[in-house]
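Student: Hi! Could you walk me through a structure I've just opened?
Tutor: Happy to, let's put it on screen.
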Amino acid sequence: MKVILVNDRGGVSRSFNFGGLSKALLGLCLLGLPVGAFFIGANLPATESDVFDSRAVKAWNKALRKQQDQISDADQQAREQLTALTVKLAELQARLTRLDALGERLTTIAKLDEGEFQFGATPAVGGPEESGIAGTSDLPYHPPEFLEVIGDLSDQIEDRQMQLQTLDSLMSRQQLQDEQFIAGRPITRGWMSSRYGYRTDPFSGRRSWHKGVDFAGKRGSDVVSVAAGVVTWAEDRYGYGQLVEINHGNGYKTRYGHNSEIKVKLGDIVKKGQVIALMGSSGRSTGPHVHFEVYKNDRPVDPASYIRRTGR
């Protein structure tokens, strides 16, 4: 292969002869020019408009997808919190209802004046506004979190509930003591036919000690307990006939004798005013009546002072 180079100024020319190896190298060089140009062009940086159009759009799409996920998560959390708050408010409302009912019950038990305690109404509060409190004027105001307010309200309700339960227990104990307080007559109908102390014995005619009082009445009339207690005797007893004995605690007990029928049995718990027997004339008796005795620390005492009581 022969190559001739011509100079355009002086017309001088040069010639070169290439062998087989030279021709092969020259062909590879000529073939590599366009391929190299293609790769060089592909690796050149894109224009400013190309970068703005492709990369910015991808970044925006990614940011939008992230924001959408965040909004979705926030919406789900808000729904869950709303559901939790709804349940919590329902629980608090139920507790307030129970507290109101308990308060009304305590008001009735304590026999408080009407309107003194109104558990169904908002408590009345007030007072002058205090300004310029040290240490608070320069602090920024931060409204309390709703959940924290609910939590505080729940704690207050629990505290109120515990106090009311304690008060209920104390008042129930007081009520029990009132029930055990001996007062009143052991009959619903009748009159006092014999008093406590010395008297003329109706059978022997001699002066004898009478350690109770007698109430005469119609046979079969109700005989009632003068206080709450436990039945410790409910059968026939010498001299008393059909006898009921009740232990009221604190060293007190009462006896009801000469009954025609006993309405309770040994071990029964009786309430104040409960019918325990029917008036009769069993035992050492001249007619239908009830023989009533009061014992304090196992010693008989005059029932008159207890009969005149009106309760407490």
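Tutor: We'll talk about a pocket, some aromatic rings and a hairpin, and please keep in mind that this is a predicted model.

Student: Pocket first, then. How much space lies in the largest pocket?
Tutor: About 560 Å³.

Student: Which residues lie nearest its centre?
Tutor: Those are Arg-199, His-210, Asp-214, His-258 and Arg-284, out of a lining of 24 residues.

Student: And how do the lining residues divide into nonpolar, polar and charged?
Tutor: There are 7 nonpolar, 11 polar and 6 charged residues.

Student: Which strands each supply at least two residues of that lining?
Tutor: Strands S3 (191-194), S5 (207-210), S6 (213-216) and S13 (289-296) do.

Student: Let's stay with S5. Which way do its side chains point?
Tutor: They alternate along the strand. Ser-208 and His-210 point to one face and are buried, while Arg-207 and Trp-209 point to the other face and are not buried.

Student: What does S5 make with S4?
Tutor: S4 and S5 form a hairpin, with 6 residues between them. The two strands run antiparallel and are joined by 4 bridges. One pairing to look at is Thr-200, whose bridge partner in S5 is Arg-207. In the turn, Gly-205 has a positive phi of about 80°.

Student: New topic: rings. How many aromatic pairs are there?
Tutor: The count comes to 4 aromatic pairs. In one of them, the ring centres of Tyr-198 and Trp-209 are 4.9 Å apart and the planes are at 75°, over the 60 degree cut-off, so this pair is edge-to-face. Tyr-198 lies in strand S4 (residues 197-200) and Trp-209 in strand S5, so the pair ties together parts 11 residues apart in sequence.

Student: Are those two buried or exposed?
Tutor: Tyr-198 counts as exposed, at 53% relative accessibility, and Trp-209 counts as partly exposed, at 43%.

Student: What else is around Tyr-198?
Tutor: Tyr-198 forms one aromatic cluster with Tyr-196 and Trp-209. Arg-207 lies over the face of Tyr-198, at 4.0 Å from the ring centre.

Student: Got another pair for me?
Tutor: Sure, try Tyr-252 and Tyr-306: their ring centres are 6.0 Å apart and their planes are at 75°, so that pair is edge-to-face. The pair links distant parts of the chain, with Tyr-252 in strand S10 (residues 252-262) and Tyr-306 in helix H4 (residues 304-307), 54 residues apart. Both Tyr-252 and Tyr-306 are buried.

Student: Last one: what lies over the face of Tyr-295?
Tutor: Lys-253 does, at 5.2 Å from the ring centre.

Key: Residues numbered from 1 in each chain as written. Predicted model: local features only at pLDDT ≥ 70, side-chain atom pairs only at ≥ 80, totals over all residues. Heavy atoms only, no water. 1 Å grid on protein atoms, 1.4 Å probe; cavity = no way out; pocket = protein on both sides within 12 Å on 5 of 7 lines; lining within 4 Å. Points joined across faces, edges and corners; volume = space filled by probe spheres on them. Nonpolar A, V, L, I, M, F, W, Y, C, P; charged D, E, K, R; others polar. Phe/Tyr/Trp six-rings, centres within 6.5 Å; stacked < 30°, edge-to-face > 60°. Buried < 20%, exposed > 50% of the residue type's maximum accessible area, 1.4 Å probe, protein only. Lys NZ or Arg CZ within 6 Å of the ring centre and 35° of its normal. Pairing = 2+ DSSP bridges.
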